[in-house]
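Me: I'd like to talk through this model with you. Can you put it up so we can go over the chains and a couple of side chains?

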There are 4 protein chains.
Amino acid sequence: MKEKDLYSVRTDLAVEAQEMDVRDDPSSSDSDGVKVHENQKDDIKITYVTVDETGAERIGKKAGHYITLDSQAIRKQDTQLQANLAKVLSGQLRKLLQDVGVTEEQSGLVVGLGNHHITPDSLGPLVTDKVLVTSHLFRLHPETVSEGYRPVSAVTPGVMGTTGVETSDMVHGIIKEVNPDFVIVIDALASRSIDRINATIQLSDTGIHPGSGIGNKRKEISKETYGIPVISIGVPTVVDAVTITSDTVDYVLKHFGREWREKDAPSNALSPAMNPFERKELTEEDLPNEEQSQAVLGMFGQLSGAEKKQLIKEVLTPLGHNLMVTPKEVDGFMKDMSHVIATGINGALHPGIEDGEAQSYSR
Amino acid sequence: MKEKDLYSVRTDLAVEAQEMDVRDDPSSSDSDGVKVHENQKDDIKITYVTVDETGAERIGKKAGHYITLDSQAIRKQDTQLQANLAKVLSGQLRKLLQDVGVTEEQSGLVVGLGNHHITPDSLGPLVTDKVLVTSHLFRLHPETVSEGYRPVSAVTPGVMGTTGVETSDMVHGIIKEVNPDFVIVIDALASRSIDRINATIQLSDTGIHPGSGIGNKRKEISKETYGIPVISIGVPTVVDAVTITSDTVDYVLKHFGREWREKDAPSNALSPAMNPFERKELTEEDLPNEEQSQAVLGMFGQLSGAEKKQLIKEVLTPLGHNLMVTPKEVDGFMKDMSHVIATGINGALHPGIEDGEAQSYSR
Amino acid sequence: MKEKDLYSVRTDLAVEAQEMDVRDDPSSSDSDGVKVHENQKDDIKITYVTVDETGAERIGKKAGHYITLDSQAIRKQDTQLQANLAKVLSGQLRKLLQDVGVTEEQSGLVVGLGNHHITPDSLGPLVTDKVLVTSHLFRLHPETVSEGYRPVSAVTPGVMGTTGVETSDMVHGIIKEVNPDFVIVIDALASRSIDRINATIQLSDTGIHPGSGIGNKRKEISKETYGIPVISIGVPTVVDAVTITSDTVDYVLKHFGREWREKDAPSNALSPAMNPFERKELTEEDLPNEEQSQAVLGMFGQLSGAEKKQLIKEVLTPLGHNLMVTPKEVDGFMKDMSHVIATGINGALHPGIEDGEAQSYSR
Amino acid sequence: MKEKDLYSVRTDLAVEAQEMDVRDDPSSSDSDGVKVHENQKDDIKITYVTVDETGAERIGKKAGHYITLDSQAIRKQDTQLQANLAKVLSGQLRKLLQDVGVTEEQSGLVVGLGNHHITPDSLGPLVTDKVLVTSHLFRLHPETVSEGYRPVSAVTPGVMGTTGVETSDMVHGIIKEVNPDFVIVIDALASRSIDRINATIQLSDTGIHPGSGIGNKRKEISKETYGIPVISIGVPTVVDAVTITSDTVDYVLKHFGREWREKDAPSNALSPAMNPFERKELTEEDLPNEEQSQAVLGMFGQLSGAEKKQLIKEVLTPLGHNLMVTPKEVDGFMKDMSHVIATGINGALHPGIEDGEAQSYSR
């Protein structure tokens, strides 16, 4: 256990925590406190992870429900896929709200965490800009509000570096004053995998620790602290050099593993290197055996995933080279992703909005 | 009194309220609850207005101290004059803080009111972006903080139209959580005069009514509501069509008044119209007599300033033409003005900052 | 004629030039070189003005075709009306292109004039940002281009104040290099009327004089200078204090004129002032007679519209108070208007785009 | 030679090309067509690389002069170091202009390449925004221009993806029209090393190939194409996953190499891993010997730097995982770097500007 802590690299995503756990200890199974269920809608992979207290201890994520949507809609800049992603998000969010006991008339507060001057950290503020806000109308002009809408407020509390105030204190003060029936918190996350950058949306009913993905421990925003349901929506937007390197080293190992397997196979297929334009996903099964790993990568190839990361981190950190990076196209990705999420939220909170309208509200 | 209310056009500036009062009732004098004192520093005119309870009743502004700085530094886009304006502002603000009992170690909260997506209303958010924030350093890394600094936080609560929450409620929640010793509130104001747009900075110890300049009545942010000193800093950034018209009509009257006076004078000077590049301020003394006014502007010329405004308002409002406007160069003006104000605040709150540094902190 | 020049106040809009002409000289008629034809589509008023050489001399606008769309879609922030306005604009632009001989395969260059750092002058750059650009695809990946599209390029040449280069020189250099079959130029204009700010779109086949609306004479961008059709699309976004005042004074006169008429009428209707929420347009017919005008506004009331403007200008200019202003909501107006215009251009240039798609391309 | 091409990974920096060359072929020396000279000013390392035709062939960079400034001023967000960096840049640029024959009165055109909507590619447009433009003053108001200034224009031609026009064609058209005596081109580059991101400024008299750093070959902007001196200023702002990984793998090797060396040494120093807060640069000398490399990294450890990159590239590219990334703090870095470069250019082009002024012009 101590060993594990030493080598563990935190992740904000339950689905990653669970994968890490399974990989490090293949004997652990679904029944030990973590239930995983997958689903596919068009191009979107939906993963449901339920963690109980036993599982929480094991994978280091709070007990609760986690829903992950995986889609290439943003990276491919495909507006049709994005509209579909927003719709699926809307459905999952509506369902999750019901599951935590939120009724259709209850009032919500949307909190967009992050710094709107740092593009990869601006997801929260961008989303609140596009959320359909109605609380003041219910309060001041109730006659103008149609059926199928509820009171919704939206705030962007800023970050401690620019306000001087702990984000959770700021949110706490606002919640006490606004007194909503439930809270939705949006935040940009750090990822443990290049693949997930701007490609994964995680919903959860476990709340959020502001700044936790970046290594800081701050006060929690959750049902426990506020006494009302807190739904979090997170998207990985940054990754560190350690992750990029260890992911890449893994790809190199799998690449050789597959090449060896294919060489042994009767009909010798072309290696990926010779088909540079055909994209073939490499899988866990492509990993070579221990002996092969050592041949390719020596001592380094013998390490487990977590050990590799830990070693790379120990080398890079003292050099000041463990940069946190984001894709070059970050501006467009943030714009599109915030549009998808705001559309999803608007649709989930206001059943009265027509599909097309949900889009235009969030322009 | 009722008559007066009917025709009164609100102003956020005490100096304007006092001028209106004097103009409408020339018998009223300095001693009736309003004390005015003027000063000049280089190109900056500083006006101190002190209002007691009697005066408050008379001019419709809260009892307290008002300091007005008038300068063309922003409009002329003169960086040297702007640096000087920031310095004078810093001195006046430091003095005002002392006067309300704030000591050098006490912690401050800077609140930037307004909507950062509406340029002429973005002064508050732009200022808080540039304020030197130190609270978190005092709390988390006290060893890094030098002598001559104090704990300062800064927040931008947004506006009701985009948050759904009353601004004063939002500020209330934050103040209760942050628990500062004093508050500085920055806001863009509506002006009653074209001249003052981006040319006047008003400091006051009377607090602020969010949105009051634009005609909405919301809850007050003041010593009375929060129990701690609240300093407000306001700058007029917008003006309505009624004001532009009535100011212009006044200029036309004065123009003729001066022409008549000059025609009668022995040495007949050139009229302003014939010297288009020589800027001559027209003053109250240029106003023609009653008969002349009627000749020039008929019945309209007979009305008092407030009556003219009231009439124009009655005509324009039902037509939907009483636009609130801002100068075409609003983007640059806001950028420069927010720089001046943030530099002034940084200098006043942190005596440890050198002059030049105060500038660079607020870049 | 000399008299007229002295008092004339330039306008970028042919429809205003024609109205001024008719008002100043009621004997002039439609047949004297200016043909006017009106049409209504839903809430949009479409005015076609055709000017021949005789008319050009008379109203001071170049000979050619002018199409004006008037709509409150932007000011009302009504997305449905805006979508409709874009559709009508698209149809009118398509027709105008045909009329000047542009065929469906010919290549176009869209030029967005203006300064993207000055919000009310940023219409051109905002539109080019949203135009669907295809030239490089036709050149480099012709296999990816579907039927119903043509080669389109888009440039934002900047303004002389920030480039140091005459805008027309810059455009000239680009056109010679790009060698398009036709050019569409977008520019923000100054208006002679509060009503038209962000409410009027003018199309014309007469080209454009960069900066002409603001009083500078620069080199023309037109068929004469480039030898290819040049379509201009202009929207009034700013107005000066002179215009606001003279418009308002006119409203005051009309207000009294109507009141007198209504007092004389048997069934005495409520005056507009007493119905502040009912918006009643005042028309030319509401103007009082000469005697009444003098009673209301004295000597000033006797002046013609152009004379009033000239007088106000003579008074304000030497004082430095003839501010060019824009509505407070300029940011939102520019965003929406650029969306409408880009959607209209995309639809007109690429018949292959579906209605809904034209919208999403310009997001 | 063919071998080399196959494995070569392009770099925009001559200093990197030269290092790669030396590393791959240690027998090659300074005399073979590439002269390198280093200098240190405060925290800034200045490297002069002169390439002749022989050297050009060898290292794959055009013959000419390259000056590289290395500084941590931007990454450390240290305004004092940044001011100093701008001053040194100014001096180097002034010298380079003299060397290519530019005299003090000659007119310059500053061209900011890149896309202002993609933050890591916005360096060029951000710089031109801050360059002191004077051409129009010399042309229209020569009486306002003081001694010590020259005519300078500045343009941002945009990128092909948003204009549809080849950048070099656009620049060509503008140069022919503006007719300057010399050109300065600013561009964001791709780096072959994490270390150099936002830490290196390269000046050169060899011109620029727009887009070349990102793998596209477009037409050159150089003395050869335009007949006038073309100075380029480039800063690496992005890096790909291949580079991050191969750099990191190298650090791991060096880390073990040093550990082994230190273990063998009599006084056994602490390993870097045990001193996480002391930053020790790892150098080429820390690389382990061949046997050790194989132990640590197997077959992979035996590859040369270029071979490692080539292999990683072959693995990542077909998977679509060779992301181009930029540091999370890209917004602030671009703002500060553009300020440094514009201040440097302003100082070099206008000797009349005082030191402090050069800063404020570029605000």
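Reply: Sure. Buried area here is the accessible area (1.4 Å probe) that two parts lose on being put together, summed over both. This is a predicted model, where local features need pLDDT of at least 70, side-chain atom pairs count only at pLDDT 80 or more, and totals for chains, interfaces and linings use all residues. Residues are numbered from 1 along each chain as its sequence is written, chains are lettered from A and ligands numbered from 1 in the order in which they are written, and side-chain values use heavy atoms, with hydrogens and water left out.

Me: How much area do chain B and chain D bury between them?
Reply: The contact (heavy atoms within 4.5 Å) takes six residues from chain B and six residues from chain D. Carbon and sulfur atoms carry 43% of the buried area. The total comes to about 540 Å².

Me: Which helix gives the largest share of the side of chain B that touches chain D?
Reply: There are zero salt bridges between chain B and chain D (a side-chain nitrogen of Lys or Arg within 4 Å of a carboxyl oxygen of Asp or Glu). Helix H4 (79-99) and helix H13 (330-349) of chain B each supply at least two residues of that side; helices are DSSP runs (H or I, at least four residues), as are strands (E, at least two), numbered from the N terminus. The largest share, three residues, comes from H13(B).

Me: What rotation superposes chain C on chain B?
Reply: Copies are superposed by least squares on the C-alpha atoms of residues with pLDDT of at least 70 in both. The shift along the axis is 0.0 Å and the RMSD is 0.1 Å, with a rotation of 180 degrees. The two copies are thus related as by a two-fold rotation axis.

Me: Which backbone nitrogen does the side chain of Ser193(A) reach?
Reply: Ser193(A) sits in the loop between strand E6 (182-191) and strand E7 (200-204) of chain A. Its relative accessibility is 14%, so Ser193(A) counts as buried (under 20%; exposed is over 50%, partly exposed in between, with a 1.4 Å probe and protein chains only). At 3.1 Å, the side chain of Ser193(A) reaches the backbone nitrogen of Asp195(A).

Me: Is Thr134(D) buried or exposed?
Reply: Thr134(D) lies in the loop between helix H5 (123-130) and helix H6 (135-140) of chain D. Not counting residues up to four places away in sequence, Thr134(D) touches Arg150(D), Pro151(D), Val152(D) and His350(D). Relative accessibility is 4%, so Thr134(D) counts as buried.

Conventions. A polar contact is a pair of N or O atoms within 3.5 Å; within protein, one must be able to donate a hydrogen and the other to accept it, and residues adjacent in sequence count only if both atoms are side-chain atoms.
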